[in-house]
Amino acid sequence: HRVSVSTARSIAVLEQLSDVHSGGQDMVIHRTAVPAPAAACTLKVGPKKEVAECKEKFASSVDPTVSQMFMLDRVFNPEGKSLTPMRGFKYSSWSPLGCDANGRCLLAALTMDNRLTIHANLNRLQWVQLVDLTELYGERLLEASYKLCKADAPCGELGDFPEFQRRHSMQAPVRMEWSGICTTQQVKHNNECRDVGSVLLAVLFENGNIAVWQFQLPFLGKESITSCNTIESGISSPSVLSWWEYEHNNRKMSGLIVGSAYGPVKIIPVNLKAVKGYFTLRQPVVLWQEMDQLPVHSIKCIPLYHPYQKCSCSLVVAARGPYVFWCLLLISKAGLNVHNSHVTGLHSLPIVSMTADKQNGTVYTCSSDGKVRQLIPIFTDVALKFEHQLIKLSEVFGCVRTHGIAVSPCGAYLAVVTTEGMANGLHPVNKNYQVQFVTLKTFEEAAAQLLESSVQNLFRQVDLTDLVRWKILKDKHIPQFLQEALDKKIESCGSTYFWRFKLFLLRILYQSMQKAPSEVTWRPSHEDAKVLISDSPGMGSTEDDQEEGTSKQASKQSLGDTGKGVDIDDAAEDSLHQSSDTGGREPMVEKLLEIQAQIEAVEMHLTREHMKRVLGEVYLHTWITENTSIPTRGVCDFLMSDDGYDDRTARVLIGHILKKMNKQTFPEHCSLCKEILPFTDRKQAVCSNGHIWLRCFLTYQSCQSLVYRRCLLHDSIARHPTPEDPEWIKRLLQGPCTFCDSPVF
């Protein structure tokens with residue numbers, strides 16, 4: 001749920017959040033940025049001294065076809081000199097979910113001067129560059145003497161201009177795209193094989209070659225690179241790249257779709273070793289071969305189910321000028337069936353951007369005149385047809401020009417980059433680029449999709465939950481049909497996903513009942529705070545003054561904390577005081593207290609379910625009377641302390657664990673005073689001397705350190721894994737928040 005926008009100074013990353021602690025109806029967006037590198041990127045084509053001599057020779061050549069081509073080509077001259085600097089980004093691509101150390105997405109970025117880098121958002125607020133692939137690929141080519149294989153003929157001299165061009169074009173990236181996550185087999189020291197997740201990054205170069213990088217997951221940097229293979233596509237003047245991934249009879253097939261600026265489109269086989277369950281094509285498949293001079297701008301591959309053939313199929317759509325080229329690929333007993341055609345009459349200008357909703361196959365295209373088309377594929381007996389309708393952005397934003405579009409993962413929002421259009425027949429003097437968001441679904445559609453979701457994760461459906469959040473905050477109640485449908489789901493299957501969805505609805509309802517603050521919470525107060533001055537000559541301060549100043553500062557701090565809405569109990573008390581001061585608002589106070597009680601009950605149910613999971617891991621991975629760092633006895637006693645909680649599964653599990661512990665308690669001890677830390681609260685541990693430690697919500701251990709992680713929505717905290725932790729505890733610490741499914745940073 002992050003949109004990356006490439007600009008001249010940075011890549012702006014906009015992350016949509018469904019904030020349960022805010023009562024505002026506006027969309028909540030968290031913005032970070034990947035800055036552009038300060039130094040220009042120079043491709044490695046030979047020794048530095050020889051390259052400098054060749055550049056001087058070509059620049060001063062008496063042949064104008066050599067000198068002018070050299071001076072004006074920005075691949076040869078990235079610094080520009082008298083020309084404008086090539087600063088900024090021209091393309092970015094998101095990896096699948098689960099590729100970085102936090103289980104989120106990596107971002108591959110391509111600068112205007114051909115530097116390809118991979119970045120990760122490891123500590124929530126800052127992007128870190130993990131590897132520079134342009135530099136690594138240049139080193140590989142230098143070691144191989146700029147030959148793809150040893151059988152190739154020896155390369156020419158760098159002083160020859162065609163050879164100088166060839167060495168640049170074979171490492172100047174045009175596009176890069178990520179594959180889905182695949183499984184590879186790794187042999188351990190004891191000759192055992194274990195499955196390791198990996199992801200592929202395909203990089204298309206100017207000369208038509210494709211470098212396929214294989215990364216082991218989680219990707220940490222240069223040490224996570226497994227291999228790099230180069231494929232010759234045979235496409236002249238390549239313009240765009242996309243992965244073709246197809247599943248047939250539980251076999252995953254894959255290939256690379258390459259488009260040309262001259263018009264052709266074809267699929268290239270990708271042969272990979274040691275990839276479990278991976279297959280590819282025997283030979284390239286030409287999808288469109290006409291050299292009709294319609295450049296391929298964008299390619300999307302959408303997996304679909306064919307209702308007539310009763311099998312899976314693959315829909316490839318490509319933007320070619322003002323038209324949309326489509327190709328339906330289907331594997332039958334006769335082999336690979338290919339149906340293709342063009343959709344015409346969509347735009348009067350060339351398509352500048354295209355995106356696709358992979359859940360239902362809907363395709364969105366836009367041209368620069370502010371018109372967006374929605375194309376819905378409809379299957380027929382033979383192939384398919386498209387129904388399309390016009391989305392007029394001018395009715396929403398006025399006269400605008402569009403530069404790019406992207407659809408959210410669940411299809412609830414369409415992000416559009418716009419600038420001002422013509423006014424009274426005149427172009428605007430200055431261009432202000434904005435990212436606008438357009439809703440594509442109604443609240444009822446979003447709620448139904450959340451109830452029937454196969455993802456079972458609220459964080460991965462933020463765009464849908466944001467529509468539900470907006471509706472509840474607007475109407476100040478949960479719709480009856482949603483409440484009844486959710487209760488039926490909880491009764492029928494009892495999945496914790498529906499309990500978390502219920503908790504989300506109750507929290508939003510609670511926020512909608514809150515009285516809006518009279519002042520902005522982030523604005524500093526204009527009251528003069530009393531300053532404590534000690535050991536100053538001529539200035540005396542009594543003990544009463546110090547106590548008064550301290551109490552005043554403490555009261556301001558507590559007021560600021562309440563305004564942020566981090567604690568439901570404090571917020572409820574404030575609402576209670578505000579309501580009682582105004583008088584005559586007893587029903588509202590009772591309603592708030594009722595909602596708060598429901599929230600606490602749902603949170604306690606989710607806590608108990610996660611405790612059962614933790615105890616199950618303890619039982620499976622410990623020996624008799626083995627001391628783990630998890631407070632097992634305390635969790636067992638906490639689960640059984642409530643007489644109203646009668647769960648036979650929990651009682652049986654606790655009986656087995658206590659039998660395995662053999663009357664041992666293994667309590668936690670305070671690191672400051674060595675006193676026992678009793679397990680009386682799921683959120684914190686307090687020793688007899690009053691030392692308070694927060695508890696990890698993933699393992700229920702006390703976090704006795706100054707550094708810990710926090711959930712994205714600030715629901716809970718978790719400790720960092722340590723080298724002494726066994727693998728099963730590290731797996732527990734990799735989990736998301738048990739209340740909102742958010743990742744932990």
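**From a buried serine to the sheets and helices**

A convenient place to enter this structure is Ser-67, a residue of helix H2. The model is a predicted one, and what follows should be read with that in mind. Is Ser-67 buried or exposed? With a relative accessibility of 12%, which lies under the 20% cut-off, Ser-67 counts as buried. Leaving aside residues up to four places away in sequence, Ser-67 touches Phe-58, Ala-59 and Ser-61.

Helix H2 (64–72) also takes part in the surroundings of helix H4, because the buried residues of H4 pack against H2 as well as against helix H1 (48–59) and strand E10 (193–205). Helix H4 covers residues 161–169, and its buried residues are Phe-161, Glu-163, Phe-164, Arg-167, His-168 and Ser-169.

Stepping back to the whole protein chain, one finds 15 helices and 34 strands. Of its 745 residues, 47% are buried, while the chain exposes about 38400 Å², of which carbon and sulfur atoms supply 51%. When contacts between residues at least 6 apart in sequence are considered, 56% of them join residues at least 24 apart.

The sheets can be taken in turn, beginning close to the start of the chain. Strands of a sheet pair through backbone hydrogen bonds, in either a parallel or an antiparallel sense. Here three strands make up an open sheet in the order E1-E2-E3, with antiparallel pairing. Strand E1 (2–6) and strand E3 (28–35) are the edge strands, and since each has a single partner strand, one side of each is left without a neighbour in the sheet. From one strand to the next, the twist averages 20°. Strand E2, residues 10–17, pairs with E3 in the antiparallel sense over eight bridges, and Ser-10 stands opposite Pro-35 in E3. Helix H7 (residues 462–475) packs on this sheet, where it touches E2 and E3, and its direction makes about 55° with that of E2.

A second open sheet of three strands, again with antiparallel pairing, has the order E26-E27-E28. Which strands stand at its edges? They are strand E26 (400–407) and E28, each of which has a single partner strand, so that one side of each is left without a neighbour in the sheet. Ignoring direction, neighbouring strands of this sheet are turned by 30° against each other on average. E27 and E28 pair in the antiparallel sense over six bridges, and the bridge partner of Tyr-413 in E28 is Thr-439.

The loop between strand E27 (413–420) and strand E28 (434–439) holds Asn-424, whose phi is near 55°, a positive value in a residue other than glycine. Asn-424 has a relative accessibility of 81% and therefore counts as exposed. Asn-114 also has a positive phi, of about 75°, although it is not a glycine, and its place is the loop between strand E5 (107–111) and strand E6 (116–120). In contrast to Asn-424, which counts as exposed, Asn-114 has a relative accessibility of 4% and so counts as buried.

A hairpin supplies another positive phi: E13 and E14 are joined with two residues between them, and Asn-249 in that turn has a positive phi of about 55°. Strand E13 (residues 238–248) is largely enclosed by the rest of the structure, because eight of its eleven residues are buried. E13 runs antiparallel to strand E14 (residues 251–260), and ten bridges join the two; within this pairing, Trp-243 stands opposite Leu-256 in E14. A backbone feature of another kind is the cis peptide bond from Leu-217 to Pro-218, which has omega near -5°. Pro-218 is placed in the loop between strand E11 (209–216) and strand E12 (225–232).

The last stop is a pair of helices. Two packed helices are described by the angle between their axes and the distance between the axes. For helix H6 (residues 443–451) and helix H8 (residues 480–492), the angle is about 5° and the axes are 11 Å apart, which makes H6 roughly parallel to H8. Which residues of the two helices meet? From H6 they are Phe-443, Glu-444, Ala-447 and Leu-451, and from H8 they are Phe-481, Leu-482, Ala-485, Leu-486 and Lys-489. Sorted by class, this contact of H6 with H8 has seven nonpolar residues, two charged residues and no polar ones.

Notes. Residues are numbered from 1 along each chain as its sequence is written. This is a predicted model: local features need pLDDT of at least 70, side-chain atom pairs count only at pLDDT 80 or more; totals for chains, interfaces and linings use all residues. Side-chain values use heavy atoms; hydrogens and water are left out. Two strands pair if DSSP finds at least two bridges between them. Helices (H or I, at least four residues) and strands (E, at least two) are DSSP runs, numbered from the N terminus. Axes are lines fitted to C-alpha atoms, for helices over the stretch in contact, and angles run from 0 to 180 degrees between N-to-C directions. Contact means heavy atoms within 4.5 Å. Buried means under 20% relative accessible area, exposed over 50%, partly exposed in between (1.4 Å probe, protein chains only). Accessible areas come from the Shrake-Rupley method with a 1.4 Å probe; for residues, only the protein chains shown count as cover. Angles under 35 degrees count as roughly parallel, over 145 as roughly antiparallel, 65 to 115 as roughly perpendicular and the rest as oblique. Ala, Val, Leu, Ile, Met, Phe, Trp, Tyr, Cys and Pro count as nonpolar, Asp, Glu, Lys and Arg as charged, and the others, Gly among them, as polar.
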